[in-house]
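User: I'd like a close look at one part of this model, and then how it sits with what's around it. Take your time and walk me through it.

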Amino acid sequence: MDVFGSFALLLAFICAVYAFVGGIFAIRTRHPLLVKSVRQAGMATCGLIFIATFSLVYLFFSDSYWVAYVVAHSNRDLSTFYKVAALWSGQEGSLLFWSFLLAIYVFSALFAYRNKNGELMPYVGVVLAGVQIFFLTLNNFVASPFKVLATPGANGALDIFTRADGNGLNPLLQYPEMVIHPPNLYSGYTGFTIPFAFALGALLARYPGEKWIHLTRKWTMIAWCFQTAGVLLGAHWAYAVLGWGGYWGWDPVENASLLPWLTGTAFLHSVMMQEKRGMMKVWNVWLVFLTFMLCILGTTLTRSGIVSSVHAFAQSSIGNWFVGFLALILVVCFVAYVKNRDYLKSENHLDSIISRESSFLFNNLILLVSCIAVLSGTLFPVFSEWLSGSRISVGAPFFNKVNIPLGFLLLFLTGVGPLLAWRKTSKDSLKRNFGRPLVFSVIAGAIAFALGLREFYSLICLTLCLFVVSTILIEFYRGAKVVRSRSGASFAASAVDLTMRNTRRYGGYVVHMGMVLIFVGLAGAAFNKDVQKEMQIGSTLQIGPYNLLLQSFESKPEKNYTAERMVVEVMRDNKPLMMLYPERRFFQTNEQSGTMVAIYSTLQHDLYVVYAGQSPDNQTPVVHAYLNPLVKWIWFGGVIVVLGTIVTLLPNRRSVLALSGAQEPAAAHPMTPTLAPSSITMREGHD
Amino acid sequence: MIRSHRLVAFFFCMAGIVAFSLPAVAQVDRARQIGGKFMCMCGCNQVLTQCNHVGCTTSTAMLKELDQSVARGDSEDVITQGFVQEFGTKVYAEPPKSGLSLVAWVLPSVYLLIGTVLVVFIISRWRSRVLGEPATAGGASGFSAEELERARRRVARDTED
């Protein structure tokens, strides 16, 4: 199966080269058969990558311990669940997994547009094939996952040998979230290839209008959704597995996942200016280019060893390939832009500073500044070493100080932006839309201050969150009220109806609401508490309202590891509340250990209990307990963001009815432009 | 009388316990506060007080050294110098605000400043374009201000979503 996989990868590489070279000829000659043949070669490339990937998965499941990658990342006792995760747990497999996910996107795009956009698709196909060639080069010639264990034999030939068992999977990766976090994050990274290919293709083809933006909106939303989910799942994994009580440590690899998310978010906002007003064309094209390049940069940081991180793969020379690829992309994008920049001239102008357009500009400014600040902070240790010879670390305190104020500005714009009108917002509109939310949030902030909330950042965050929530709720309320007055349905049903009539706009509000919840959760970090204590059986530890009683401590052998487990009874007001089982697992195969944190999570706070090992002095078990307020809001907010993104991807109800030929009842047409308040006028296909 | 003496004695005992334990609590807080400014040197890329690696000898030794320095009453500067001498500048959790490291602090503000200037420039350029166009000159087109405002509201309504 290893030979089969290798062969499939090699064939995929050849097909990708044909799709690339043939694609260039197809663009020049416009020969229909060649165009078709090139497209089919692109699809065949994807099919062959699927085969290679499944071959590697099969090698894991069949315990093929003559394949070096399988030996390094699996063992016989590893559960089936984690044998799947082993696919992306190392350099070679994760690169194949990257190619696999990219192939899914490429195949979907080529298939979806096989009979559409005949002018544009050959260019897109060439760009996609170019990207695939790079990753297939790595898969085939630089980091093949199908290498076998071999020693030089007596006659000079290599003798393949088989190991009895593998080294096992890194304990940190033996956690359910590691089975879904990397696929999500990688789906985000690879997903941005599609908007990149369309943007570059459209630029090269001088494709007219905003067509490429319309074509790629859903692809971008999907990639962004995966990226968001991936980042949050990674944060949750860090929280639940690493056992340091936090979820975001501004580690270089964490930062690498945030960078394309920031530019991708900026793009999703600024793209509306191009759709609505024909503005920011140059900016949007470069934002997509930048987002894709940051995806590549992110994986470069993870794989090259340029920056030190617990999440990074082992240091290797593969980083040079990525740096070269990045340079090539930059040159191609720059040349394409210089040659075709006339096509990107803006059609419209700004009527007023107080307008939706301005808010988007500032939104983009904040996101980009945050992105560049995080990037320069991440790379500063490297630059400082180059310049002065000594490496200066840039840790979490720096990133927090820089990004928290930027986050607040962004939060403020989240509330303000959607309520500003395109072109110009009148004073009346400003008063009508912002008066109540502003007064409400300021009063609520004052009450919180009076009640003892003195933490400056938390107070500001709370006030801004309330401001944004109230602006969003008022928007829903106004819209639902009009729908209700026409349809007579309940308020909740009217709100749903309203959302389904303009999924993009109201889905966007749901996303914003999710972001607010995440900010609320982040604000809680200012009030974290922790206590560490050596505990005898029967002794207690007090943290916040909880009293932890150590009932027992045991060492128990399991199939793949030995667990040291504490049995802790949690009491509140002297009443038993629940049992927690923090443990540490020692994996014999690779002599590594991992933490299993016990968390009792409520909306108010998380009781986070870590078994921190035994005291070196007297072998007494040590407990490290944390009380982390509002953490659950972050995960809940993440779910809302993902749901909101899914809503934005749904077709508007009116579109569905139009497509199906159904007649919408008259009562369900509540919003004729003359009756609807300006802020809730509905149009399809726009935010 | 005896009871009141006992109460006084109890009070002094408690005051003594508090007086003895307060410096210890203050020391722990101070050590934690200073420890938050250093990185653990085990390669975990975490702040010293947050490293929880199983059997991490590096953070244990560093924290022990920190506790001893704090117990001796060393100033933060002295403690910092000691750590920098031992581990180099990479021990800082955040770059010091001097020398080359100052660049790291200044850059985000510079980005924001340049970006803001750029956005303001773009907005003013777009505005000047529209002001220069004859189509927007109400008087010349013969529309009254009221008519223009009505039309503007209609356009806003049509374009807003």
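Which order do the strands of the open sheet of 4 strands in chain A take, and what kind of pairing do they have?

Analyst: Bear in mind that this is a predicted model. The open sheet in chain A runs β3-β12-β11-β10, and the pairing is antiparallel. Its edges are β3 (529–534) and β10 (598–601) of chain A; each has a single partner strand, so one side of each is left without a neighbour in the sheet. Going from one strand to the next, you pick up a twist that averages 15°.

Let's zoom in on the β3 edge. β3(A) pairs with β12(A), residues 621–629, in the antiparallel sense, and the pairing covers 6 bridges. If you want a spot to click on, A:Val531 stands opposite A:Ala625 in β12(A). As general background, side chains in a regular strand alternate between the two faces of the sheet.

Now for the domain picture. Chain A splits into domain 1 (1–170) and domain 2 (529–629). Over C-alpha atoms, the centres of domain 1 and domain 2 of chain A are 43 Å apart. Their contact draws on 6 residues from domain 1 of chain A and 6 residues from domain 2 of chain A. On the domain 1 side of chain A, the residues touching domain 2 come out as 1 nonpolar, 4 polar and 1 charged.

There's also a hairpin worth a look. Strands β6 (residues 562–572) and β7 (residues 575–580) of chain A pair in the antiparallel sense over 5 bridges. Here A:Val570 stands opposite A:Met578 in β7(A). The hairpin has 2 residues between the strands, and A:Asp573 takes a positive phi near 55°.

Next, a helix pair. Helix α18 (residues 503–523) and helix α19 (residues 631–649) of chain A pack at about 170°, with 7 Å between their axes. At that angle, which is over 145 degrees, α18(A) is roughly antiparallel to α19(A). Sorted by class, the α18(A)–α19(A) contact has 16 nonpolar, 10 polar and 1 charged residues.

Last, a quick geometry check over in chain B. Helix α3 (residues 76–87) of chain B has 12 residues, so at 1.5 Å a residue you'd expect a span of 16 Å, and its end C-alpha atoms are indeed 16 Å apart, which agrees. Right after α3(B) comes B:Gly88, with a positive phi near 90°.

How values were computed: Residues numbered from 1 in each chain as written. Chains lettered and ligands numbered in written order. Predicted model: local features only at pLDDT ≥ 70, side-chain atom pairs only at ≥ 80, totals over all residues. Expected span 1.5 Å × (residues − 1). Pairing = 2+ DSSP bridges. Axes fitted to C-alpha atoms, helices over the stretch in contact; angles between N-to-C directions. Domains from an automatic or database assignment. Contact = placed C-beta atoms within 7 Å. Nonpolar A, V, L, I, M, F, W, Y, C, P; charged D, E, K, R; others polar. Parallel < 35°, antiparallel > 145°, perpendicular 65-115°, else oblique.
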